[in-house]
Structures are given as C-alpha cells and as structure tokens.
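Open the model in your viewer and keep the sequence panel beside it. The tour below goes stop by stop, saying what to select and what is there.

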Amino acid sequence: MPESYENVDDVWSSREGKCQACDRYGPVNDLSLCEDCTAMLERDLLRQRGWEYSAAAFGLSPEAQEKQLRQIVKRFGEALELIAPANRSRKSRASRKRRERKKHRR
C-alpha cells in the first residue's frame, strides 16, 4: 500500500471540532456531528424511512429495512431525537391566523 494511504483512518478519525447538534467539543464526522448525535440522526432517518440517506440501511432489502426500523422503535421509541418534526401545513396555520384576527375584531 502506498505510504500516502497508510494513515487515512488516522486523519479522518482525528478531526476535532464542535458538534453542530449538541455543541460539545471533540471528535466529529464529516457532518460535524459527534458519535452520539450521529447515532441519533441515523435512528431519525430510519424512523422517517429515509433509507436512501441512512448508512445503516444501505444495501438492505426492504424487509430488512423494516425489521431494522421496528428494532429502533422498540429500543428507542417512535419520537424523533435530532431531526425537528415537520411543520404544520400552511392551511392549518392560515386558518389559525384567521381565527385569531376574528377574536381581535370582537
């Protein structure tokens, strides 16, 4: 193996910085996430069935992906840990604003 490739793992594993999710300083990955936050992101991607974005689901059959999802939900629950839940639809926000305006007119 060429000398330039010998320490590739050392270079990538020694990247230190501030985690973008929890603000702790220490080893981070290419997304600037610590090991704990990377695991939470992976679980959230699986919960949202984001198979194409999940390293843990790469190359798995659809059945194996669903099995992995069931195991995650059983062990960690259904709630998202790191990814913010999707906002309400525009329709519900607009109707809420109309109701608030009607209250203020009275």
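The stops run from the whole chain to single residues.

**The whole chain**

Start with everything shown as a cartoon, and keep in mind that this is a predicted model. The secondary structure consists of four helices and two strands. Followed along the sequence, these elements come in the order α-β-β-α-α-α. The protein has 106 residues, and buried residues make up 22% of them. Switch on the surface: its accessible area is about 9,000 Å², and carbon and sulfur atoms account for 50% of that. Of the contacts between residues at least 6 apart in sequence, 29% join residues at least 24 apart.

**The nonpolar cores**

Hide the surface and select Cys19, Leu33, Cys34, Cys37, Leu41 and Leu45. These six residues form the largest nonpolar core. Now centre on Leu33, a member of this core. Beyond its neighbours within four places in sequence, Leu33 is in contact with Cys19, Gln20, Ala21, Pro27, Val28, Thr38 and Leu41. There is also a second, separate core of five residues, among them Leu46, Trp51, Leu69 and Ile72.

Stay with Trp51 and add Gln65, which sits in helix H3. Is Gln65 buried or exposed? Its relative accessibility is 10%, so Gln65 counts as buried, the limit being under 20%. Leaving out residues up to four places away in sequence, Gln65 touches Trp51, Ala57 and Leu60.

**The strands and a salt bridge**

Move to the loop between strand E1 (16-18) and strand E2 (25-27), where Arg24 is found. Select Arg24 together with Asp36: their side chains meet in a salt bridge, with 3.1 Å from N to O. Asp36 belongs to helix H2 (residues 35-47), so this pair ties together parts that are 12 residues apart in sequence. Arg24 is partly exposed at 43% relative accessibility, and Asp36 is partly exposed at 46%.

Asp23 lies in the loop between E1 and E2 as well. Check its backbone: Asp23 has a positive phi of about 65°, although it is not a glycine. With a relative accessible area of 46%, Asp23 is partly exposed.

**A network of charges**

Next select Arg43, Asp44, Arg47 and Glu81, which are linked in a network of salt bridges. The total for the structure is six salt bridges. Take the network one pair at a time.

Arg47 and Asp44 form a salt bridge whose closest N and O atoms are 2.8 Å apart. Both lie in helix H2, three residues apart, which is about one turn of the helix. Both are also buried.

Which residue outside helix H2 pairs with Arg47? Glu81 does, and the closest N and O atoms of this salt bridge are 3.0 Å apart. Glu81 is in the loop between H3 and H4, so the pair links distant parts of the chain, 34 residues apart. The two ends sit in unlike surroundings: Arg47 is buried at 10% relative accessibility, while Glu81 is partly exposed at 31%.

Now turn to Arg43 and show Phe76. Arg43 lies over the face of Phe76, at 4.0 Å from the ring centre. A search for aromatic pairs finds zero in this structure.

**The loop between H3 and H4**

Select Leu82, in the loop between helix H3 (62-76) and helix H4 (90-105). Its relative accessible area is 29%, which makes Leu82 partly exposed. Residues up to four places away in sequence aside, Leu82 touches Ala21, Cys37, Met40, Leu41 and Asp44. Two of these contacts lead back to earlier stops: Leu41 is in the largest nonpolar core, and Asp44 is in the salt-bridge network. Draw a distance between the C-alpha atoms of Leu82 and Leu41: they are separated by 5.9 Å, although the residues are 41 apart along the chain.

**Last stop: the loop between H2 and H3**

Finish at Arg49, in the loop between H2 and H3. Arg49 has a positive phi of about 60° and is not a glycine. At 43% relative accessibility, Arg49 is partly exposed.

Definitions and conventions: Residues are numbered from 1 along each chain as its sequence is written. This is a predicted model: local features need pLDDT of at least 70, side-chain atom pairs count only at pLDDT 80 or more; totals for chains, interfaces and linings use all residues. Side-chain values use heavy atoms; hydrogens and water are left out. Buried means under 20% relative accessible area, exposed over 50%, partly exposed in between (1.4 Å probe, protein chains only). Contact means heavy atoms within 4.5 Å. Accessible areas come from the Shrake-Rupley method with a 1.4 Å probe; for residues, only the protein chains shown count as cover. A salt bridge is a side-chain nitrogen of Lys or Arg within 4 Å of a carboxyl oxygen of Asp or Glu. Rings of Phe, Tyr and Trp (its six-membered ring) pair if their centres lie within 6.5 Å; planes under 30 degrees apart count as stacked, over 60 as edge-to-face and the rest as tilted. A charge sits over a ring if NZ of Lys or CZ of Arg is within 6 Å of the ring centre and within 35 degrees of the ring normal. A nonpolar core is a set of buried Ala, Val, Leu, Ile, Met, Phe, Trp, Tyr and Cys residues joined through side-chain atoms within 4.5 Å.
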